Amino acid sequence: MTSIPWNTQLRELAKQCHYLQALTLYRRMLRCGSTPNAFSFPFALKSSASLSLPFSGQQLHCHVIKSGCSSEPFILTSLISMYCKFNSLEIARKVFDENPISNQLTVCYNALISGYALNARVFDVIALFCRMRERGVSVNSVTMLGLVPVISEPRYLSVGMSFHCSCLKLGLNLDFSVANCLLTLYVKCGAVEFGRELFDEMPKKGLITWNAMISGYAQNGLAAKVLELYKTMEASRVCPDAVTFVGVLSSCAHLGAITVGREVEQRIESSGLSSNPFLNNALINMYARCGNLVKAQAIFYGMPVKSVVSWTAIIGGYGMHGYGEIAVELFNEMIKSGIRPDGAAFVSVLCACSHAGLTEKGLDYFVEMKMKHRLQPSPEHYSCVVDLLGRAGRLTEALELIKSMQVKPDGAVWGALLGACKIHQNVEIAELAFKRVIEFEPTNIGYYVLLSNIYSETKNLEGVLKVRVMMRERKLKKDPGFSYLEYKGRVHLFLAGDRSHPQKEEIYRMVDELETLVKKLVGCKNNEESRSKELFLGMGVHSEKLAIVFGLLNTEPGTEIVVIKNLRVCEDCHLFLKGASKIVDRPLVVRDATRFHHFRDGLCSCKDYW
């Protein structure tokens, strides 16, 4: 029997991913006395690489040398690719360097570039590409598709832009796959504007292109842009898939855009994707963050199979709403069901304990995480525990924990300590925390405002002035507070002191009436003093008051009003909202920068602990 039928069989088996059968056939071929040739080896080498069988791969390499086929382009490429998959990059490079033919072949360069990229050898990838250009070896789309993904990090943005220039010079930017790859590079590097420019210039946009841009906006926190682009996508009659919906739902969760979220859920159902676990997890997160825990819970319990991500989403939802006890019950139920918690699950339950003031329970989980589940705490876990201790007034313990950390504390850890100092007005530790946190995030205005407020509440005017001078020198401005709510499918946005709304007269009249009634109800002057201070500083009425009152004026009695605010609710507005919920006998819900506040009958779900 000649080698031709053997080769045909080898090709078909490798093509259908039956790699073990392919190698078995190759051995049978040798036993039958047939000699393998240049058409036999690529399929055998590919099979060995796919099965991660280095010894078999080395034996095949010996057969290649003995047969005199070492200089065949397809065999060279297969050898290089095989050794790269074995993580034997030095041998792969040796194969490449020792054969003069490989230095002239694009396919060999491409194989080695892909191998380096697969093993995150960034500088080797760049050096090999430069050598390729110096020697005049032609570059094709496969080269670029191997190069670009490995440099899709912010620190390599300038290198990525250089490769983009090379694509333009070589005309490779017209290749659909290369253009999508470059778009992904820009959004992963945070250069969303460059990504959008490339997106707009692309004459042909497939589903992958739309998804890349939508995911890029979502990952960079530009939720409003996601929803805007999604509408454009629908208008262009491009049919979205699960990847699209995940990006859009995460943005709905970020913005609290529950109307759009419901529409997306309907599209998911009509597309036959209702059983997709990733979409169900995204829906749980969206409804929880938009204030509808009942719906989030219904989706969760309707899932036939619940992953750790599903449990984490529902635990995080209850934690954010201040229902720490329920979050803890769910976490324990997850463990009993046989699902092992991961780092993200512990972040959710630790945050839930912090929001609910379950200090000892949270500390127990932190110990359990390390001792029982053998998970190494990340800065995010330490941040939760620092917040947990700090909110309970145990600031010295929180500081000692930071000093004992096995990993370097980041800005979030020091920021949690600074936030706790605000609650308990501890200037000494606050100054230390502030000094550390601005080393990591020198332009984060929130930390300057926190320290200024601590100084203000402790009557330290010199400290307030010091912070203001720092802000002025660094050209930092406080983010404007805004709140919004959805009414009849339209988003109504309010800024502090906003007088642009068509119903401004009614809104301000009702705010005045409620403030008077709240003052009588709580019997203190805090609200009046705060209002006088706001007017003096030109801030006007805080945005959440305006949004809540708009909801009261336009919705049916007894209807729950849900407002989203970009900043933390101040103490005076918190007091106002508690009193207003009792006076109007309505459930009022405010999602601020850290959590949900459910105001009902003069009380808040946070128990004044936020």
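How many helices and strands are there in the chain? In this predicted model, the count comes to 32 helices and six strands. The C-alpha trace spans about 100 × 55 × 55 Å along its principal axes.

Now for the strands. All six form an open sheet, lined up in the order β2-β1-β3-β4-β5-β6, and the pairing is mixed. At the edges sit β2 (490-495) and β6 (603-604), each of which pairs on one side only. Packed on this sheet is helix α32 (residues 571-584), which touches β4 (588-591), β5 (596-600) and β6. The direction of α32 makes about 40 degrees with that of β5. Elsewhere in the sheet, strand β1 (residues 482-487) and strand β3 (residues 561-565) run antiparallel and are joined by two bridges. Here Y484 stands opposite I564 in β3.

Zooming out to the chain as a whole, 50% of its 610 residues are buried. As for who touches whom, take the contacts between residues at least 6 apart in sequence: 63% of these join residues at least 24 apart. On the outside, the chain exposes about 29400 Å², with carbon and sulfur atoms supplying 55% of that area. Charge can be summed up in much the same spirit: the chain carries 69 positive and 58 negative charges, and the mean positions of the two sets are 5 Å apart.

Conventions. Residues are numbered from 1 along each chain as its sequence is written. This is a predicted model: local features need pLDDT of at least 70, side-chain atom pairs count only at pLDDT 80 or more; totals for chains, interfaces and linings use all residues. Side-chain values use heavy atoms; hydrogens and water are left out. Two strands pair if DSSP finds at least two bridges between them. Helices (H or I, at least four residues) and strands (E, at least two) are DSSP runs, numbered from the N terminus. Contact means heavy atoms within 4.5 Å. Axes are lines fitted to C-alpha atoms, for helices over the stretch in contact, and angles run from 0 to 180 degrees between N-to-C directions. Buried means under 20% relative accessible area, exposed over 50%, partly exposed in between (1.4 Å probe, protein chains only). Accessible areas come from the Shrake-Rupley method with a 1.4 Å probe; for residues, only the protein chains shown count as cover. Lys and Arg count as positive and Asp and Glu as negative; His and the chain ends are not counted. The place of a charge is taken as NZ of Lys, CZ of Arg, CG of Asp or CD of Glu.
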